[in-house]
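Please open the model in a viewer and keep the selection tool at hand. The tour proceeds from one selection to the next.

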Amino acid sequence: MSQATYIKLWADTQKELDTMLQREREEFLQPQEDREKVWKMLATAYVQYLEIFRRLEASHAHLIHQQKRAAVRQVLDGVMGRLLEIKREMVALESSECHCMDSILLELQRVPEDIEIPIPEYFVKENLRALQEREQYLQEILLNAGLLEEEPVRAMTLEEAINVIQVAERARQGRARAAFMRRIYLEEKRQSGKQQKKMRINPDAAATCIQKVWRGYRQRRATEKLREEEMVFLGMSLPPEVEARSVLQKANVLQGEVQERENYSFRQELREAEGSHIKETLQDEIIQCFIECRHITGRFPDYPPEKTGGSKAIFIEKHPEQAVDEGWKMSPSNFLSILEEGSSQYQVFWENRDNKADFLQDHDPELIKGGEREEVEEEIRVQVDEVMQEQLLKVKQAVDGEIGPRGKKPGKGDKGSRRAPGKKKISELERDLTPDRTIDSLFQELAEEGLLIQVKNVNLSDYIGYYDCLSNTLREKGAQPVPSIPEVRQLVSLYGILPLGSQTVHENAPLVKSLLLAGPAGVGKKMLVHAICTEAGANLFKLTSSSIAGKYPGRDALMMMLHMILKVGKELQPSVVWIGDTERMFARGAAKGEDEVNFKRLAKLLPQFLRAVKPQDRVLLLGTTRRPFDANLGPFCKVYQKIILIPKPDYLTRFALWKHYILQGGGTLTKLVNLNCLAQVSDGFTQGHVVEVVHTVLTELRLLQMARKPLRTAEFVTALARHDPVYIEEEEAFHAWYAKTPLGKAWIATMAARNAEKAKKKGKKGKKGKEKK
């Protein structure tokens, strides 16, 4: 698709976004009492924002113009954040992480795949070089420490060996023929040189030869130039001035990156041209504010300190809080202003722009100046604040007789106050316990101790699963909601990948510092951990009882370990701190052994670790558990803010899993392999069981025999019979445990309130019917 297509897609998406913003102003700001109407509004907005998100992501991924990409990126981050805000409202309304969206999808003429969460490419693409260098550095550390296992040598199949031999033989024949032709050429050249020495060359003949060579060369150059001009005219090639640049410069042009030296030149030009005017304007505005304040209060105000924004704080409009209305009302949004600003910028700069003449997708100097002007104003504002603060003190002394700021006596400091009221005590993890160590040295130590591990290249889309229609039916009848596998993918994207990938989203969206993946062994919890890191480009720190055994004994050592992880994780963010088998950390009863005692001691330090993670720190604490009911529920739920219960696969998912892994393992599907039978027989088994059975059956020897002995269903059934399924008792234990969590209790209370409300309405209708009779 061409650039014009994606520009049009962006324009159409902006129109849809404007419609959504107008609808939000009309509907969401008004109090609502009907819960069903509120739910429908939220679910509809959620689906429509997802469609806008998908289109904006496609535009951002394919646009070349840097400033257009920046404009799309601003709106894209705003839409992601707004999705998270709407999701928060939906969870609060239903007291559940998963929702029945069938009626909304039917009304909007959408399919379940339309509510899958897209992962923006820029999460990894914009930091690809740094991620590759960091991965290579980590691999070198692990190799030197002897912690990286070399990949086992796999025996070649007969076809692969024949292909290798054929490639080598053809290359040998090509080299031999090239050497033979070179010898012939050199011999002919030597013979022609001897003949020329024997013959005396006529000067006229020599001149004619030179003219012929030169005219041929000049004609070829002219023909090549005409061909290049034709290709440029047809839009199939770049102009020569672009082609003449270096490879790096061409990549920058294609990506539309504006060089730092150009930004600096624009900034310098703005300082020289507008600096004096900006300075005078700021001074006049500050003086006018001081005069108005003295007219109202009878005295000059204190100058705002720099930590509160300096003179910026003077111009901030503060509105009184409005009274809370009865009924449901949408919570204040941090992203609507971002979306409205992006929409207005699009209308001003891009809506009526002629894109046909912009073949080079070059930058717009005026837009760069607009961005640089804010930085210049900030630099000048700091200088103006210093001057105006001194002038204000002199004026207050001359007019009002004041010497210092209000509320302080001359010559007295702040000795009386040990700590400002409301100021929290700084924890150990918020202080720098390793000021004399570099990030590289901490990175190396964590890697050598096995706490910083390599991320497996797994995408979230590799976690195969389909929507379970039966679960939606059970939810409508009042059964406890359990997410299907596609809903697990959505929750992992919303709470894990999107906040880790975008700094704007992480700072402004509802903050999720910790996430727990709970489910039976083999349902793909570890795969989801690696998928989060792969999609977000995050580092992975692994904490288990075995990984820290004998390495950091005692509270102080554990505190130092957490400090190093947090320091490296913040510096090289995004980062994921993975705690495997986390229920052992919160297990009831006394610990057995020093290593287990140390692991349980770590649980008491996790709340302090989470307090040290701020909104600007893209660090996620991610726990996995296969026996959550063994943990002490109170501290467990206090540490993990969000809990995702992962189910075993349903029939359709099992069918897809068998087909995918058999083909991936090199097997061939024939009529002798009944996938329906395998999906039916494997009811109660997990994804891990399917993968292990396929690997057990499809050995190297079995693959070689497959041509004359096709695969049969019985081979997989026999291997599957050696494994134990997830029994119904274990599944019920998970559901009973989840019902005791805060969200599970809230769901039970919500359902009880709804049933009581329905019974009340039904009773009123019955009374009215009797009165009519």
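Begin by selecting Lys570, which is partly exposed at a relative accessible area of 24%. This is a predicted model. Add Asp617 to the selection: the side chains of Lys570 and Asp617 form a salt bridge, with an N to O distance of 3.3 Å. The pair links distant parts of the chain, 47 residues apart: Lys570 lies in helix 19 (residues 555–571), and Asp617 in the loop between helix 20 (594–611) and strand 5 (619–625). Asp617 counts as buried, because its relative accessibility of 8% falls under the 20% cut-off.

Next, select Glu445 and Arg437. Their closest N and O atoms are 2.7 Å apart, in another salt bridge. Glu445 is partly exposed at 21% relative accessibility, and Arg437 is partly exposed at 29%.

Move then to helix 7 (residues 158–198) and select Ile184. Ile184 is partly exposed, with a relative accessible area of 32%. Adding Phe180 and Met181 completes a nonpolar surface patch with about 260 Å² of accessible area together.

Remain in helix 7 and select Glu187 and Arg190, which are three residues apart and therefore separated by about one helical turn. Arg190 forms a salt bridge with Glu187, the closest N and O atoms lying 2.4 Å apart. Relative accessibility is 39% for Arg190, which is partly exposed, and 36% for Glu187, also partly exposed.

Finally, select Glu16, Glu51, Arg54 and Arg55, which a network of salt bridges links. Across the whole structure, a search finds 24 salt bridges.

Terms used
Residues are numbered from 1 along each chain as its sequence is written. This is a predicted model: local features need pLDDT of at least 70, side-chain atom pairs count only at pLDDT 80 or more; totals for chains, interfaces and linings use all residues. Side-chain values use heavy atoms; hydrogens and water are left out. Patches are made of residues with over 30% relative accessible area and no salt bridge: like charges are joined within 9 Å, nonpolar side chains (Val, Leu, Ile, Met, Phe, Trp, Tyr) within 5 Å. Accessible areas come from the Shrake-Rupley method with a 1.4 Å probe; for residues, only the protein chains shown count as cover. A salt bridge is a side-chain nitrogen of Lys or Arg within 4 Å of a carboxyl oxygen of Asp or Glu. Helices (H or I, at least four residues) and strands (E, at least two) are DSSP runs, numbered from the N terminus. Buried means under 20% relative accessible area, exposed over 50%, partly exposed in between (1.4 Å probe, protein chains only).
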